[in-house]
Every structure is written in C-alpha cells, then in structure tokens.
Amino acid sequence: MRINKFLAENGVTSRRNADKLIESGEVTINGKPCSLGAEVKEGDVVQVNGSKITANAKKEYYIMNKPKGYVCTVSDDKGRPTVMDLLPAGVGRVFPIGRLDYDTEGLLLLTNDGDLTFRLTHPKNEVPKTYLIRIEGDISAQAIAKLRSGVEIDGVKTQKSNVHVVESTDDYTKLHVTITEGRNRQVRKMFESVGKEVVFLKRIKIGDLTLRGLDRGKVRKLSPEEIHYLQHI
Ligand code: URA
C-alpha cells in the first residue's frame, strides 16, 4: 500500500496532508525518511515524528456539534481547547474532516477513514455544505446576487452558491448559504467582499446530514445508513 494511503487509513491525517508530511521528511519507513511514492509492506515499521503508526482495521465515524471557542486540530500550538477535548473517553484516533474556524460552530465530522475524508473534502466532488449566518443590518438584493454568482476572495472567484434570507429585522439579517468548496474562512470572506461582517456562523448541513437532536458540544457515532450516505454523496 502507498505510504500516503497507509497514513490516511490509519488515522494520521488526510491523504493530501500525508503528502506534505512525507515531503517534510517527518515520515520514516524502517527508520529511513521515505519518498512520496513509497510502498508499505507487511512488517514495515512506519513512524511519524518518531511515533509508531500501527495499522488499525476498525473505522470510526462521529458527528459533533462543535461549539465556538474550539480549534479543529489535534493539538493547538497556542494551547486553545481543541475539538479532541470534546470526544468521549475510549474514542480511537480520529481527525476532523475539514475545518471549522475557532469562532464557527456546528456540524463537524471526525473519522479515521482517510478515503472518506478525501472524498468529502476534494473540491471536484462539490459536496454541499450549508451554513446559518447572521449579519448586522440588512443586505441588498444586488449583494446577494453577487454572492450567488461568485465573488473574488484571495484573488480567486468562488463557485456559484445558494444564498437566501431566512429572517430579517431592523437590527440583523439571518441567511442560509450553501457552498460546495471549503476554502479558508470562505463564508466570512465572501460576505466581507460585499462589505458585510458575519457575526454568527454555524454549519447546519453537509449534504442532507443535519445536527438534528445533537446539542451543542455533543458527539455521537454516525449510523451505518449515514456512513453509507456519505460514502456515496
Ligand atoms: N466558512 C467560514 O468562513 N468559516 C468556517 O468555519 C466555515 C466556512
């Protein structure tokens, strides 16, 4: 098995990030730094930064209602709480599928299944992710039209998105936004590009999967039907 697949399947990281780890020389096979295309054979000892990676056969899948104030990494160099702190005892080595910002809440998936992570995060698969957002004041029909057709963020135009107002008062506007990419701080930057600051951001759906029944900060296992759905999305 290719080394990047081995690392992804055994809960180290996604296949794409695995390539970065390999390139930076942090991955060794039988004590020697390996190359991108290296193969892992039965009995080989694979280490990442000196820690041995053992092949784990059992795949685990969780859905979390992430609160704000947690980072989506396994450990944080600034010492902030991470989503790993919210996992119940006994959960094996899993990692988040994609990221939500420190200030964003909502639906987060965690797994040790690198193939599913790759499938759900690869831009070509265009998996829809829906967010509930709040901005102060109102937003013009023209700004909404711009957001829908694509706006430039970090020099690259965003793909078409679905944007509609769900509540509008004198003080604030709530909207649902569905995007199929997962660029860094994408929703916040999209609204910034039309002069609006997002003051609340929550992911409420990935495809048809919702947070129904899952309180903020809670985690549960995905059902076999949900896993099957995500594997075929
Ligand atoms: N878009 C953002 O701006 N932040 C997130 O956490 C997710 C999508």
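I looked first at Thr104, where an N or O atom of the side chain is 3.0 Å from an oxygen atom of the ligand, a polar contact in the sense of a pair of N or O atoms within 3.5 Å. The model is predicted, so I kept in mind that local features need pLDDT of at least 70 and side-chain atom pairs pLDDT 80 or more, while totals for chains, interfaces and linings use all residues. Residues are numbered from 1 along each chain as its sequence is written, and side-chain values use heavy atoms, without hydrogens and water.

I then went to Asp101, which places a polar side-chain atom 2.7 Å from a nitrogen atom of the ligand, and to Arg185, whose backbone has a polar atom 3.2 Å from a ligand oxygen. Taken alone the ligand exposes 240 Å², of which the protein buries 96% (Shrake-Rupley method, 1.4 Å probe).

For the surroundings I listed residues with a heavy atom within 4 Å of the ligand, among them Leu100, Tyr131, Val187 and Leu201. By class I noted four nonpolar, two polar and three charged residues in this shell, and helix H5 (residues 186–193; a DSSP run of H or I, at least four residues) gives the most to it, with three residues.

Following helix H5 further, I found Lys189 in a salt bridge with Asp154, the closest N and O atoms being 2.9 Å apart (a side-chain nitrogen of Lys or Arg within 4 Å of a carboxyl oxygen of Asp or Glu). This pair links distant parts of the chain, 35 residues apart, with Asp154 in the loop between strand E9 (152–153) and strand E10 (156–157) (strands being DSSP runs of E, at least two residues). I recorded 10 salt bridges in the structure.

Methods: A polar contact is a pair of N or O atoms within 3.5 Å; within protein, one must be able to donate a hydrogen and the other to accept it, and residues adjacent in sequence count only if both atoms are side-chain atoms. Ala, Val, Leu, Ile, Met, Phe, Trp, Tyr, Cys and Pro count as nonpolar, Asp, Glu, Lys and Arg as charged, and the others, Gly among them, as polar.
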